[in-house]
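Trainee: Could you take a close look at one part of this structure with me, and then show me how the parts around it are arranged? I'm new to this, so please go step by step.

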Amino acid sequence: MIKVAFFDAKPYDIPSFEAYGKEHDMTFRFLETKLNEDTVELARGCNAVCVFVNDNVNAAVIDRLYEFGVRLIALRSAGYNNVDIRAAFGKVHVVHVPAYSPYAVAEHAMALLLTSVRRIHKAYNRTREFNFSLSGLTGFDFHGKTVGVVGTGKIGRIFIDICRGFGMHVIAYDLFPAKDSGIDYVPLDELFERSDIISLHCPLTDETRHMIGEASIEKMKKGVVIVNTSRGGLIDTAALLEGIKSRKVGAACLDVYEEEADVFFEDRSGHIMNDELLARLISMPNVIVTSHQAFLTEEALNNIAETTVHNIRSCFDNDGICDNELCYRCGDIEHCKKQRKQRCF
Ligand code: NAI
C-alpha cells in the first residue's frame, strides 16, 4: 500500500483523490497545512508527498523528505517553480500533471478579460441595489483589437483560438515558437508596444520573473489591459500598481499574485489585510483579482486526481518509467534520459 502525505488539502480535492486512490491501492493522509520546513515532519511514515502550487519544496524540505524515506514528490499542478528540482535530483523523484484542462485556464483568462473590459463586476453590484445607471460602464469592442500572448503552449494556444473567435488580431512571443502554427510571432518588445491586451501564459523562471515591470510597462500602449493567469512572479506588482496609478495601465486581471502563498486559497475575510500592495490593488476599480482559481473546473479536478494517482502508481510499480517525471535536465537533448524512455535518474 502506497502512503501519500497530501499537503494543502481542500474539501474540493478530497473526493476525487479518495476515489482514484482506492482503485489503485493508495491511501492519502490529507493535511490542511502547506508543506514547508516547519511542517515536513508530517510526511514521516509516507512513501510520497502530494503538493500544490504554494507548498514550499526547497532543498531543506527535500533533504528531510529523503531522510524519512519519501521517494516521490507528486505535484498536482502543471507549474513546478515551487520545487527545487535541482536539489531533488538523485534523491526524490518529481512528477507533475502537465495538462489537466488547459481550457479551464484559457476560458478563465477570457472571463476575467470580458468582466473587466465590459465592467460586469460593477454592473453586477449596481443592479443588485437597483441602481440601473450606466455611467462609468463604457467598455471597448474586442473585435479588431490586438492581443499579445506571451507563451504559446497548451493554454496560450487555446486562448489564441478564443481571441480569434472574437475577431481580435493575435500576436505572440515564445522562447520556442511553434513551427507551422500560423501564429504571428514578434519580438517581446514589439508585443509590448503593439498590444491593446497582453495575456501571460509562460512559466515562471529566472528569466521570466518580473517580465512585466517598470521598463516593459513604459513600452506599452496607454490603456493596455494586462491579464495574468500564469504565475504571480511574472509581474512586478509594485511597478504594476504605479502603472495603474499613472493611468498607463488601463486594467489588470490577475488570477495569480507574487505573494499569494500567504493569502490565496484561504478565507481571510475576518482578518486585517497586512499585504499593503494587494490591498491597494484590490481597491482599484480597474483591477480584478481571483485567487488562483483558473484551473478550478470539475473536469480539471477529475483529470488532476486521475493523472496524479497514475503518476504515483507508475513511479512505484516495476521501477516504472513515468512520462510525467521531471528534472532540471528535462528538455536538454544530450542529457535527458526521459527522451530515451528512462527515469530521470
Ligand atoms: P506549456 O508548457 O504548455 O506552455 C508554456 C509555453 O511557455 C511554452 O510554449 C514555452 O516554450 C513558453 N516559454 C517558456 N519560457 C518562455 C519565456 N522565457 N518566454 C516566453 N515563453 C516561454 O504550459 P501551459 O500548460 O500552457 O501553462 C502555462 C502556465 O500556466 C504554467 O507555467 C503555469 O504557471 C500556469 N498555470 C496556471 C493555472 C492557474 O490555475 N492559474 C493552472 C495551470 C497552469
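## Around the ligand

Mentor: Let's begin with Ser230: one of its backbone N or O atoms sits 3.4 Å from an oxygen atom of the ligand. Keep in mind as we go that this is a predicted model. Ile155 also uses its backbone here, with an N or O atom 2.9 Å from a ligand oxygen. Arg231 brings its side chain instead, where an N or O atom is 3.3 Å from an oxygen atom of the ligand. As for how covered the ligand is, taken alone it exposes 860 Å², and the protein buries 87% of that.

Now step back to the whole shell. It has 23 residues, and the closest are Lys154, Ile155, Asp174, Thr229 and Asp255. If you sort the shell by type, you get ten nonpolar, eight polar and five charged residues.

Next, let's look at the strands. One open sheet has six of them, in the order E7-E6-E8-E9-E10-E11, with parallel pairing. Its edges are E7 and strand E11 (287-289), each pairing on one side only. From one strand to the next, the twist averages 15 degrees. As a bit of background, strands of a sheet pair through backbone hydrogen bonds, either parallel or antiparallel. Zoom in on strand E6 (residues 146-150) and you'll find it paired with E7 in the parallel sense over five bridges. To spot that pairing on screen, look for Val149, which stands opposite Ala172 in E7.

Follow the chain on from strand E7 (169-173) and, in the loop before helix H7 (188-194), you come to Gly182. Is Gly182 buried or exposed? Its relative accessible area is 66%, and the cut-off for exposed is over 50%, so Gly182 counts as exposed. Compare its position with that of His96: the two are 86 residues apart in sequence, and their C-alpha atoms are 29 Å apart in space.

There's another open sheet to find, built from five strands in the order E2-E1-E3-E4-E5, again with parallel pairing. Here strand E2 (26-30) and strand E5 (93-95) are the edges, each with pairing on one side only. The twist in this sheet averages 25 degrees from one strand to the next. Further in, strand E3 (residues 48-51) and strand E4 (residues 72-75) run parallel and are joined by four bridges. A handy pair to click on is Val51 and its bridge partner in E4, Leu75.

Technical notes: Residues are numbered from 1 along each chain as its sequence is written. This is a predicted model: local features need pLDDT of at least 70, side-chain atom pairs count only at pLDDT 80 or more; totals for chains, interfaces and linings use all residues. Side-chain values use heavy atoms; hydrogens and water are left out. Helices (H or I, at least four residues) and strands (E, at least two) are DSSP runs, numbered from the N terminus. Buried means under 20% relative accessible area, exposed over 50%, partly exposed in between (1.4 Å probe, protein chains only). A residue is near a molecule or strand if one of its heavy atoms lies within 4 Å of it. A polar contact is a pair of N or O atoms within 3.5 Å; within protein, one must be able to donate a hydrogen and the other to accept it, and residues adjacent in sequence count only if both atoms are side-chain atoms. Accessible areas come from the Shrake-Rupley method with a 1.4 Å probe; for residues, only the protein chains shown count as cover. Ala, Val, Leu, Ile, Met, Phe, Trp, Tyr, Cys and Pro count as nonpolar, Asp, Glu, Lys and Arg as charged, and the others, Gly among them, as polar. Two strands pair if DSSP finds at least two bridges between them. Axes are lines fitted to C-alpha atoms, for helices over the stretch in contact, and angles run from 0 to 180 degrees between N-to-C directions.
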